[in-house]
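Thanks for coming, everyone. Let me put the structure up and walk you through it.

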Amino acid sequence: MIEKCKAFLAKPFFHDYRTLLGLWLILGIVSALAKMHSHNNFLVFRGVFWHAWNQVSLYGLYPAEYFDANYYGPLFSLIIAPFAVVPEWLGLVLWCVILSLFLYVAVRRSDMTKYQQIFIFWFCAHELLTALFMQQFNIAIAAIILLAFFLIEKERDTEAAFFIVVGTLVKLYGIVGLAFFFFSKHKIRFILSLIGWSILLFALPMLITNPDYIISQYHEWFVWLTEKNTENLDSIAQNISLLGMMHRTTGLAFSDLWLILPGMLLFAIPYLRFSQYKHVAFRQTLLASVLMFVVLFSTGSESSGYIIPFVGVVIWFTAAPWKRTGWDVALLVFAFVLSSLSPSDLFPAYLRKEWVQPYALKALPITLIWLKLCWEMYTKDYKGLRPTR
């Protein structure tokens, strides 16, 4: 039976990029149609443009339009504009399709092998659908981090800086792209590009508003994010991270710095292995670490944001120039079952409601994989070609 399954999955259909492009586009369309009458996040997003256009607070509460509030920066008003000025139903469909297509293109334009790319498209498809159901911009954040890394790899530092600044001014997560600074061969150009893009993109929303309004909204955004961080600590839908998991499972109240500071140290130690920088597998594994770290150590992490670390999980598994063990495969399966399937109806409802959600256990497999990744980066030699699969 196993051999028959392998033979079936080996058929060209499953490895054809056209198949995967079609699948990811269909996921975008289906998710939009399924949420045609319930898409609060998209209403929040399109409201950012209209509120900027009318120069009212981007961070106020508008219960007549939607529940919840906006947490994205003023630059987002221009990004969402094309989807806000068309009819609502069309904007929703286009938004979901473009998000899916953006991540697809980021993966395809990368320097990853075909095996790695195909693995991402299949393994992350369900997690992509989860994010699409929530119209999540985190899909774009995953693409932005990938593009930042691979553009630096291609010595296109100016373009890499553009995506880092966009991600930072929209949702702060993009700032993790600075982790790839040490891999840049044109550091001065990279720094100057970051400064230039920061000035330009900071001011760009002034084209549809005015300077005083935009400056006030950046200040309001900072205050709002500070308040939101406090709210996240008590929200079952937020802080689905290593931080949240440790608080909820232990029942103890302590500063997140007790976890964040050691986490930053564990993350930073591989940078001391200068001799490994020249190996593409090492650099890609650090990319995987970044994709996981940004969610594991954020109180704003939510279930639909796990498309970011899931891409990292695949890169970790496939980048290594050694054969993965049965334990590694077990971790991969564990991540798919507990982290990806747990929010869906494919997972037992009792376990989801009584264990996974209350204790933020969606973060557990990603945490274990990230810790193993860190150990490998401390001890392994990444020289050599990745094994043929």
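Start with the buried face of helix 10. The buried residues here are D157, A160, A161, F163, I164, V165, V166, G167, T168, L169, V170 and K171. That is 12 of the 15 residues of helix 10, so the helix is largely enclosed by the rest of the structure. Please keep in mind that this is a predicted model.

What covers those buried residues? The cover includes helix 4 (76-79), helix 6, helix 9, helix 11 (187-203) and helix 12 (211-232). Now the geometry. Helix 10 runs over residues 157-171, and its end C-alpha atoms are 21 Å apart. At 1.5 Å a residue, the expected span is 21 Å, which agrees. After helix 10 comes L172, and the phi of L172 is positive, near 65°.

Stay at that end for a moment. The charged end of K171 sits over the ring of Y173, at 4.9 Å from the ring centre. Just before helix 10, look at R156. R156 makes a salt bridge with E159, with the closest N and O atoms 2.7 Å apart. Is this pair buried or exposed? Neither extreme: E159 has 35% relative accessibility and counts as partly exposed. R156 is partly exposed too, with a relative accessible area of 29%.

Next, helix 6, one of the helices covering helix 10. Helix 6 takes in residues 88-108, which makes 21 residues. From first C-alpha to last, helix 6 reaches 30 Å, close to the 30 Å expected at 1.5 Å a residue. Many names on the buried list: G91, L92, V93, W95, C96, V97, L99, S100, L103, Y104, A106 and V107.

On to the core. The largest nonpolar core has 134 residues. Which of them touch the most other members? They are L146, F180, M292, I308 and I315. Helix 9 (residues 138-153) gives this core its largest share, 14 residues.

Take L146. Setting aside neighbours within four places in sequence, L146 is in contact with L103, A106, V107, L287, L291, V311 and I315. Three of those names should be familiar: L103, A106 and V107 are on the buried list of helix 6.

Now I145. I145 lies in helix 9. I145 is buried, with a relative accessible area of 1%. Beyond neighbours within four places in sequence, the contacts of I145 are V176, F180, L287, V290, L291 and I308. I145 and A106 are 39 residues apart in sequence, and their C-alpha atoms are 9.2 Å apart in space.

Aromatics next. The count comes to 45 aromatic pairs. One of them is Y62 with Y66, an edge-to-face pair. The centres are 6.3 Å apart, and the planes make 65°. Y62 is buried at 19% relative accessibility. The cut-off for buried is under 20%, so Y62 falls inside it. Y66 is buried as well, with a relative accessible area of 4%. There is also a cluster: ring pairs link F181, F182, F190, F267, Y271, F293, F297 and W370.

Back to charges. The structure holds 10 salt bridges. Look at R324 and E376, whose side chains meet at 2.7 Å, N to O. This pair links distant parts of the chain, 52 residues apart. R324 is in the loop between helix 16 (307-319) and helix 17 (326-340), while E376 is in helix 19 (residues 363-379). Both R324 and E376 are buried. R324 also lies over the face of W316, at 4.3 Å from the ring centre.

A second bridge joins D328 and K372, with the closest N and O atoms 3.0 Å apart. D328 is in helix 17 and K372 in helix 19, 44 residues apart. D328 counts as buried, at 1% relative accessibility. K372 counts as partly exposed, at 26%. Through shared partners, salt bridges join R324, D328, K372 and E376 into one network.

Last stop, Q276. Where is Q276 found? In the loop between helix 14 (257-268) and helix 15 (280-296). Q276 counts as buried, at 5% relative accessibility. With neighbours within four places in sequence left aside, Q276 is in contact with F282, K380, D381, Y382 and K383.

That's the tour. Over to you for discussion.

Key: Residues are numbered from 1 along each chain as its sequence is written. This is a predicted model: local features need pLDDT of at least 70, side-chain atom pairs count only at pLDDT 80 or more; totals for chains, interfaces and linings use all residues. Side-chain values use heavy atoms; hydrogens and water are left out. A salt bridge is a side-chain nitrogen of Lys or Arg within 4 Å of a carboxyl oxygen of Asp or Glu. Buried means under 20% relative accessible area, exposed over 50%, partly exposed in between (1.4 Å probe, protein chains only). Helices (H or I, at least four residues) and strands (E, at least two) are DSSP runs, numbered from the N terminus. Rings of Phe, Tyr and Trp (its six-membered ring) pair if their centres lie within 6.5 Å; planes under 30 degrees apart count as stacked, over 60 as edge-to-face and the rest as tilted. A charge sits over a ring if NZ of Lys or CZ of Arg is within 6 Å of the ring centre and within 35 degrees of the ring normal. A nonpolar core is a set of buried Ala, Val, Leu, Ile, Met, Phe, Trp, Tyr and Cys residues joined through side-chain atoms within 4.5 Å. Contact means heavy atoms within 4.5 Å. The expected span of a helix is 1.5 Å times one less than its number of residues.
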